[in-house]
Amino acid sequence: MALLRSYRRFVVVVWQFLPLLWGYLRDRRRYVLVGGRRRVTPEMRVARARRLLDSLLTLGPTFIKLGQLLSTRPDVLPPEYVDVLSELQDRVPPADWADAKVVLEDELGPVGERFDDFDEEAISGASLGQVYTAKVDGEPVAVKVRRPDIEDLVEADLRVIRWTLPVLVYFVDESRAFSLRNLADEFAKTIREEMDYAREAEMLTEIRGNFADDDEVVIPAVYDEHSSSRVLTMEYVPGTKISDLEELDRRGIDRSKVAERVERAYLQMIIEDGVFHADPHPGNLAVRDDGAVVFYDFGMSGRVDEFVQGKIVDFYVAVANQDIDAILNALVEMGTLSPEADRAVMADVMELAIQDARGEDIETYRVQQIVGKVEDTIYEFPLRLPSNLALVLRVATVVEGVCVTLDPEFDFISVATEYLTEQGYREESVRQYVEATGDQVQRTAQSLVRVPPKLEDALDRVDREDLHVRADIEDGDGVVDRLARRVVLGLVLATSVPTTAFLYVEADLVAAGVAAVFTTAVGAALYRSFRKRRGIRATPQFTRQNLRQRRED
């Protein structure tokens, strides 16, 4: 029965995505089977992203969650899609109270016996659950109830995603195929964890304990005796939605300080604690009248192992020191940057990213220059995203957006630099650098002792004419192969043209016609070999400048 439901969902999903797939195939071949590439404008991408958004909403809870995850994955989708999908909010009409009550009473027993008062009107509805207010021993609580029968629908949709993944991977480059496979694995793991409210209670309690001594971060307490795998009862903590800027100003709250508290809280969770709240969109963050930040909904949360923590620290320290080489090294070691990437071009990209994160203005010509370099030197973009870093990237992306919304001039890097300095990470980095330098000096001294005898031996072999040099040519990009093909085609063309002319003069029209067709084919092949390979052209977008432009408009 479950398999039959998956087959039905597969047909529905394919029907929804078929127009997008057809359009993508026509981009590769204008007439699907034949023809050259079709130029895709930013306007076309935005229109397709809107169509994708509508399809995700039509397909329901699982695909709404998938769209939210895709909106944080620039390694998978072009920027136009990321912008449009970022509008996708996990807000859907709540299920009927009668259905939710069945789940609640199956888990906890009669509502009237377990709660003093229970409001049957949900205060929020999401794709996987809904939240109600109630009272336990006279204290206000928030009760999160999983949607009825959501498990079967999610499992059917995950099968559909697993079935369609090989088809999608076939049509994309190796880097995006890597990201898509990780995305599918991560999404399946994340959505199953998000449906397990017992796990959410465990993560919430652990993170709350890590901030027990911090008055500027508020995390609701869990009522364990009123919670289960499908019901989660928490302390009700009211606050002003963090994106409601007018209300924050009316209450006299310093928005810049709130932004700093949010960033510091996430730096502590990721770098210090190794367990973090992974869904920091405005609906899950609020601000109390004293300026403390309230965190809600820990269904999407994650852990960071020590290795990744260390590499993230290395990355942040390198950014704080504006050491581009160290930034690239950290990205390679984390697995997010291909070791074969053009470091000079990626260095330019990182410089722009740092300028943008600092809120500095960036000249358009500079952006266009770097985009041109990217297109000329790395046809396949070398960034990829391992699954163990996907949630961390989501957090970094969304938190940066929240902080910039609170304060358009917020300097993300300065706050991170100050935090790293306070925690002693930068001093540790300097100490490690000094130790590494000392080791290098020691190795250099040892080399100075070993080199002279080896050099003398090599010179003796030269004097005896007994020195052999071996050279291997690495041609990963096929440059030599293309050059050889052009030389051969050029020689063939050079001989076939006079041959065709000779046959025509000798009045052998049939042979001349055949030779002419052959000559034309060789000429076309030679011409195609010289055509410049075109990559994906996209207009670069930078969060702060876009935000300023929108406000000015």
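This section describes the internal cavity, a nonpolar surface patch, a contact between separate parts of the chain and the salt bridges of a predicted model.

The count of cavities of 30 Å³ or more comes to one, and the space within this largest cavity amounts to about 40 Å³. Its lining is made up of Lys65, Leu69, Phe187, Thr190, Ile191, Glu194 and Met300, and the elements that contribute two or more residues to that lining are helix H3 (61-70) and helix H8 (174-195). Helix H8 provides the largest share, namely four residues. When the lining is sorted by class, four residues are nonpolar, one is polar and two are charged.

On the surface, Leu3, Leu4, Tyr7 and Trp163 make a nonpolar patch of about 380 Å², to which helix H1 (residues 2-28) gives the largest share, three residues. Leucine 3, one of the residues of this patch, is placed in helix H1 and is partly exposed, its relative accessible area being 43%.

Elsewhere, glycine 490 is found in helix H19 (residues 479-505), where a relative accessible area of 27% makes this residue partly exposed. Although glycine 490 and leucine 526 are 36 residues apart along the chain, their C-alpha atoms are separated by 7.0 Å.

Side chains of opposite charge can pair when their charged atoms come close. In the model, 23 salt bridges are counted. One of them joins the side chains of arginine 146 and glutamate 151, with an N to O distance of 2.4 Å; of these partners, arginine 146 is buried, with a relative accessible area of 8%, whereas glutamate 151 is partly exposed at 23%.

A further group of salt bridges involves glutamate 247, which counts as buried because its relative accessibility is 18%, under the 20% limit. Arginine 250 forms a salt bridge with glutamate 247, the closest N and O atoms lying 2.7 Å apart, and since the two residues are three positions apart in helix H10 (residues 245-250), they are separated by about one helical turn. In contrast to the buried glutamate 247, arginine 250 is exposed, with a relative accessible area of 61%. Glutamate 247 is also paired with arginine 251, for which the closest N and O atoms are 2.8 Å apart, and arginine 251 counts as partly exposed at 37% relative accessibility. Through salt bridges that share partners, Glu247, Arg250, Arg251 and Asp289 are joined into one network.

Technical notes:
Residues are numbered from 1 along each chain as its sequence is written. This is a predicted model: local features need pLDDT of at least 70, side-chain atom pairs count only at pLDDT 80 or more; totals for chains, interfaces and linings use all residues. Side-chain values use heavy atoms; hydrogens and water are left out. On a 1 Å grid over the protein atoms alone, a cavity is a set of points where a 1.4 Å probe fits but cannot get out, and a pocket is an open set with protein on both sides within 12 Å along at least five of seven lines; lining residues have an atom within 4 Å of a point. Grid points are joined across faces, edges and corners, and a volume is the space filled by probe spheres set on the points. Ala, Val, Leu, Ile, Met, Phe, Trp, Tyr, Cys and Pro count as nonpolar, Asp, Glu, Lys and Arg as charged, and the others, Gly among them, as polar. Patches are made of residues with over 30% relative accessible area and no salt bridge: like charges are joined within 9 Å, nonpolar side chains (Val, Leu, Ile, Met, Phe, Trp, Tyr) within 5 Å. Accessible areas come from the Shrake-Rupley method with a 1.4 Å probe; for residues, only the protein chains shown count as cover. A salt bridge is a side-chain nitrogen of Lys or Arg within 4 Å of a carboxyl oxygen of Asp or Glu. Buried means under 20% relative accessible area, exposed over 50%, partly exposed in between (1.4 Å probe, protein chains only).
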